[in-house]
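User: Could you pick one spot in this model and look closely at what surrounds it? Then please carry on from there and show me how other parts pack.

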Amino acid sequence: MPPASVGPDSEWYAKKPMVDGVFKFIGGERLPFAGEVTEITSPIIDAATGARAVIGKIPAFSEEDSIAAVKAAAAAWDRGQGPWPQMSLAERIGAVETLVANLTKIRTEIVDVLMWEICKNTGDAAKEFDRTMDFVRLTIAELRANPTLGTGFTKFTEVSGVACQVRRGPVGVMLGLAPFNYPLNEMYAMLIPALLMGNVAVLKLPAVGGLAHILTADAFAAALPPGVLNFITGSGKRTMPPIMESGLVDMIGFIGGTGAMDKLIKQHPEPHRLKVFAQLAGKNIGIVLGDADLEVAAEQCLLGSTAYNGQRCTAVKLMMVHESVYDAFLAKYVAKVNALKVGLPWEDKVNITPLPEPNKPAYLEELIADAVSKGATVANAEMGGGTRHGALFHPAVIAGVTKEMRIFQEEQFGPVLPVAKFSDLSEVYTALKESWNGQQSAIFTSNAAAAAPLIDALSSQVGRININMQCGRSPDQVPFSGRRSSAMGTMSITEALRAFSIETAVTYIAKDSTSVALGAELDKHSKFLAPLSAL
């Protein structure tokens, strides 16, 4: 059989999904679509045809279709007077809880699609769904406990002669875009906080990884008022400019590359009022000092660089190792990489799976060739490092990496694993200062005095400093921030709720008896000021 393939004799062949997404989800309905249709394929080869397995179809939206979607969202928003933004927080929480119940009923279908379309292994695909639902529940719990999100003034409180009560209100129409690698989790980490705060949304589904969202259309339609959520599929180059140029988008929730983010902002006719939340690229460095526990360092760098094939913005994408332990670290790390199981997503204990992006294997080969041409070596070449079979790419440990090589600067987003050597910390400081990365770094050491200068240096360069552990986003309660070209905004349960809302204060003169009496009664009548007990 062809590499990375499944044939009719396999039980998994019979489980191959076929998602009929040829409809427009606009205004809370499945509307007929008669335009161009895109066939969605898996990186897994169908042995019966010798080609990528066909697992679904979606519409390729025209400019007119895209405008219809954003206009439906704008109508549901209705300048803040639509049913959804005018609901009480308690009512919106109830609707989102209904949504979670609806989504849970189709968990199996979503997990299967994640395995086939983006080749997450069984555990990771299930974990993405479950973690996403947990995130929603934790977000709701946070809102119930702290509806002002730390602003205070939960009841009318006098300050300098003015009585003030604060709640958080919505911004408007959100355009949400998220990448293929965590299509459900990363989109919902923006979408759910935005919805809970009363915003409406248009989601541009990723070209790879969009089928999981298609499966959710009926769940959203049953839980939310018409137009609160709308889908767009097809080419981003064709669909995004007309939406942004319409001026109907009030904020962007974006996870992806910097180039696309910059273009979206520039296309808006009034960028001064565009609220932007973005988590962008990362080139996180793992720094291994001479006194590090090399077993811990090698294991954590392995997890950080190879989990889900290294296709994570939080992956460790460059390792810099002190020359005194370089050879010992490299030996341990290479042994661990070579022990990873390469195979199809449903195989037992598989670690490395086919790469979903069709052009990614060729790009990774370019990076390896560039590094080798400039003096690097593939340290695990004898064990197949850097070879590929179809979309299966065997992890390549690149030893002897220097700053002249592309892999030192470019975000590979895949299983090419560069290891550089340094003799003096000044080399590390220079690399950090010259890097565009502002997301995370990891320090491996057993000495607080050795760690401290690096922590101090990194404290103004990245959003998270990991000590003797891999880089990562979890747990969701911890702020996930960044600097430079890595982020605009902070992602966590509380911070995402803040990002997609605005503090709104209601005030009166504290000594005015009429206003005092009125204020005492407001929460009985205003949905916006509904008492905490109603939540």
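Analyst: Leaving out residues up to four places away in sequence, Val70 touches Val173, Val202, Ile243, Ser246, Leu248 and Val249 (contact means heavy atoms within 4.5 Å). This is a predicted model, where local features need pLDDT of at least 70, side-chain atom pairs count only at pLDDT 80 or more, and totals for chains, interfaces and linings use all residues. Residues are numbered from 1 along each chain as its sequence is written, and side-chain values use heavy atoms, with hydrogens and water left out.

Val70 belongs to helix α2, residues 63-77 (helices are DSSP runs of H or I with at least four residues, strands are E runs of at least two, and both are numbered from the N terminus). Its relative accessibility is 0%, so Val70 counts as buried (buried is under 20% relative accessible area, exposed is over 50%, partly exposed is in between, with a 1.4 Å probe and protein chains only). Ala448 makes a handy far-off landmark: 378 residues separate Val70 from Ala448 in sequence, and their C-alpha atoms are 53 Å apart.

Now hop over to another residue of that kind. Tyr333 sits in helix α13, residues 326-338, and Tyr333 is buried because its relative accessibility is 0%. Setting aside neighbours within four places in sequence, Tyr333 is in contact with Ala298, Cys301, Leu302, Ser305, Met319, Val397, Leu417 and Val419. Ala297 is 36 residues away from Tyr333 along the chain, yet their C-alpha atoms are separated by 8.5 Å.

That brings in the helix pair around Tyr333. The axes of α12 and α13 are 9 Å apart, and the two helices pack at about 45° (axes are lines fitted to C-alpha atoms, for helices over the stretch in contact, and angles run from 0 to 180 degrees between N-to-C directions). So α12 is oblique to α13 (under 35 degrees is roughly parallel, over 145 roughly antiparallel, 65 to 115 roughly perpendicular, and the rest oblique). The crossing of α12 past α13 is right-handed (the near helix is turned clockwise from the far one by less than a right angle; anticlockwise would be left-handed). On the α12 side you'll find Leu294, Glu295, Ala297, Ala298, Glu299, Cys301, Leu302 and Ser305, which meet Ala328, Phe329, Lys332, Tyr333, Lys336 and Val337 of α13. That contact has nine nonpolar residues, one polar and four charged (Ala, Val, Leu, Ile, Met, Phe, Trp, Tyr, Cys and Pro are nonpolar, Asp, Glu, Lys and Arg charged, and the others, Gly among them, polar).

Follow the chain on from α12 and you reach the loop between α12 (294-306) and β15 (316-322), where Asn309 lies. Asn309 has a positive phi near 60° without being a glycine, and Asn309 counts as buried because its relative accessibility is 0%. Ser160 also has a positive phi, about 50°, and isn't a glycine either. Is Ser160 buried or exposed? With a relative accessible area of 78%, Ser160 is exposed. Its home is the loop between β7 (157-159) and β8 (162-169).

β15 turns up again with helix α16. The buried residues of α16 (425-434) are Val428, Ala431 and Leu432. They span an arc of only 95° around the axis, so they lie on the same side of α16 (the arc is that of the directions from the helix axis to the C-beta atoms). These buried residues pack against β14 (284-288), β15, α15 (406-409), β20 (416-422) and α17 (448-458).

Back to helix pairs for one more. α4 (residues 89-104) and α6 (residues 122-145) have axes that come within 11 Å and cross at roughly 165°. The two are therefore roughly antiparallel, and their crossing is left-handed. The contact includes Leu89, Ile93 and Val96 of α4 along with Phe129, Met133 and Val136 of α6. Its residues split into 10 nonpolar, one polar and three charged.

Finally, a backbone detail: the peptide bond joining Ser474 and Pro475 is cis, with omega about -5°. Pro475 is in the loop between β22 (464-467) and β23 (487-488).
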